[in-house]
Amino acid sequence: MKLPDTAPAQKQKWMLAGALVLALCAPAFAALGDNASSVLTDQARMKGTLRQTDKQGYVLHEIAAPTGAKVREYASPSGVIFGVAWEGQFPPNFQELLGPYYQQLQNAIAQQKSAAEASGQAPRRRGPAYVETPGLVLVQTGHMHSFHGQAYIPQLVPTGVQPSDIR
Amino acid sequence: MIVRKIALLLATGSIFVLGACGGSGGGGSNSPTITSVNVSCTPNLVGSGGSAQCSAAVSGTGSFSTAVTWTASAGSISSSGVLTAPAVAGTGTPGGGGTSNVQPIVVDSGPQPQTFGAVNVAYTTVTVCAPGTNNCQNIDHVQVDTGSEGLRLIAGVLDSASVTVTATSTQDMTKSGTASVTATLLPLSSVNECLVFADGYVWGPVGAADISFAGATGETSPSTPVQIIIPSSVAPAVPSSCSSQNPSGGAGNEGGSVMAFGANGILGVGPFQTDCGGYCVQEGMSCGSSNQPCVYYTCSGSTCSGTNVALNQQVFNPVIAFGIDNNGVLIQLPSVPNGGSQNPTGSLIFGISTQSNNKLTLANNLYQIPDTGNNAGDFITTFNGQSYSQSFIDSGSNGLFFLDTSTTGIPTCASPNQPWYCPNTSPDSLTATNQGQNSSGQGVGPAVPVSFTVEDATTLFSTNNTAFSTLAGPNAGAFDWGLSFFYGRNMFTAIDGAIVSGAPNGPFFAY
């Protein structure tokens, strides 16, 4: 009991330090692809109220901030967030909301832009943001004072759930 | 590693001390010398007659002097490096002086240079003057946008004067350094704004202008807050809390150039009074946390933090400041047939039912929109039996953006036109209904049928046309009735709280 104890205790300390580092570096939101248990972290960060609803084939976690802004996170039966939706006076912080997919999205948009420019015959679209890649779909509509949108990972959407359910 | 760095610092320090001793000793080869003078000024964009603090970093060996003398190619500069920029002369003539409420607009390929021409963007010419002066500029190709509020101008198109600031070493007058400061026509404040659109954002200081028009000579908005959009080469840098509000992050900055923005500026004449409202009056300073973004910032050097801004200091819809025609706008554009038209012209008419030329009639259906909540500015469009309560009219959207392929069955186009619809059978005729709503999301007034047509976007783009009534693309679960929908209609946008004769108070859309 005594001798083996020290090693795990040290290990625990290191794990604690590691967890602390992770917590400091982790995106503020549960974000796409994360485990649904992190929804609570998001609720705390948004200082919001959480409503959890069991739907056909998924669980909907809706967080409402005091400002009225809402974020909805769609979790599969296995507990993975496959889609997020948002609405409010302003767009959300995408870096937090999309987590690791934020960079992927930027790359996709840059590619879309350069392809359009290279063709020399594609006028710029001005209006809702619309990005569709094999690994990520994001749309955001709205105007000054009201924005809403959704993003999802097609591969993670459970069978029987329609992308249009994420709204 | 750290230890070695400290050792290195100590070594450098001792060399410096030794050098200093040698200098004071008066040995010929050890006499103090100046190697370089580097100059920087903050900010590097100032208003007409505004000031910037310049500083010089003098490098040398021995017990050299860091003293410099300052000179500026224009304006004046103090011995401590405070530049007072010159007054900038405007190239334009003031608008106003008449009674017209009609401002011409055109749907053309946009300001040059552009990699490819704009489509479905309505432009007008706006006159801005330094407040209280006849020092003015007429700025063409400003986009007319009913989806935003306030005037925003690309910094690079403003009349300006470039000032070269020089610091010369007093010890060695052959050694000097320079920095460039741009003085611009309009005065600038220390408040900067992050303005986010659905598909991009712009960043830059809030200035002030008397806004008038060469056409609508009866309308003037004096001393109006105006955003000056700056590129990333101009300080202060965009805060990450701003860029992360855009799905494309840093790539979403549209303020880099006229080409990136597609216009010399944007004139927001939407259904709200200001661009932010109560949130920025109260929450501006506690902003920055998740889903509580900052809009207005005060910046000191390169550090910016959120700030509260009173309603009348926010970038507001200039229409609310007009004398009589201040309750909204009417946009008139001619009908555009399938296949499109080239450079059609129309009118931006100020006021609703304030003159004989802007009357709301019984023929116009009215769609009330809530002024608060997450459906602010939105009405209900019903399509195939499904209602979409976050639908709206927006002249700043250059197509009719609705739903997606899985809902409509309309495929998107092949690369590079994926963001547009290319129906299997073109033209594709569709119907929906539009209905106003209150802030609880309940329908207000009748659900009025509306017909619209979608054509193959790739085919449309192969013409030289600039205006398309049938250009459409996918969206989130909503209808964005963009400029495609304006052709051949009288499109009214009434401002929040405005009194309109014979109609409910704004905000509402009518057509």
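**Chain B and its contact with chain A**

In this predicted model, 61 residues of chain B are in contact with 58 residues of chain A. On the chain B side, the elements that each put in two or more residues are strand β23 (386-393) and helix α5 (405-408). Here's a quick tour of that surface, then of chain B itself.

**The side facing chain A**
- Sorted by class, the part of chain B that touches chain A has 34 polar residues, 21 nonpolar ones and six charged ones.

**Overall build of chain B**
- Chain B carries 30 strands and six helices.
- Its C-alpha atoms fill a box of roughly 95 × 55 × 45 Å along the principal axes.
- Chain B runs to 511 residues, and 55% of them count as buried.
- Take the contacts in chain B between residues at least 6 apart in sequence: 70% of these join residues at least 24 apart.

**The largest nonpolar core**
- This core has 184 residues, and the members that touch the most others are B:Leu83, B:Val165, B:Val181 and B:Leu186.
- Strand β14 (residues 201-212) of chain B supplies the largest share of the core, with seven residues.
- Both domain 1 (34-323) and domain 2 (329-511) of chain B chip in, each with at least three residues.

**A look at B:Val181**
- Setting aside neighbours within four places in sequence, B:Val181 is in contact with B:Leu83 and B:Val165, which are also on the list of core residues touching the most other members.
- The other contacts of B:Val181 are B:Cys41, B:Asn44, B:Val46, B:Ala52, B:Ala85 and B:Val163, again leaving out neighbours within four places in sequence.

Key: Residues are numbered from 1 along each chain as its sequence is written. Chains are lettered from A and ligands numbered from 1 in the order in which they are written. This is a predicted model: local features need pLDDT of at least 70, side-chain atom pairs count only at pLDDT 80 or more; totals for chains, interfaces and linings use all residues. Two residues are in contact if their C-beta atoms, placed from the backbone, lie within 7 Å. Helices (H or I, at least four residues) and strands (E, at least two) are DSSP runs, numbered from the N terminus. Ala, Val, Leu, Ile, Met, Phe, Trp, Tyr, Cys and Pro count as nonpolar, Asp, Glu, Lys and Arg as charged, and the others, Gly among them, as polar. A residue is buried if 20 or more other C-beta atoms lie within 10 Å of its own, exposed if 12 or fewer, and partly exposed in between; C-beta atoms are placed from the backbone. A nonpolar core is a set of buried Ala, Val, Leu, Ile, Met, Phe, Trp, Tyr and Cys residues joined through C-beta atoms within 7 Å. Domain bounds come from an automatic or database domain assignment.
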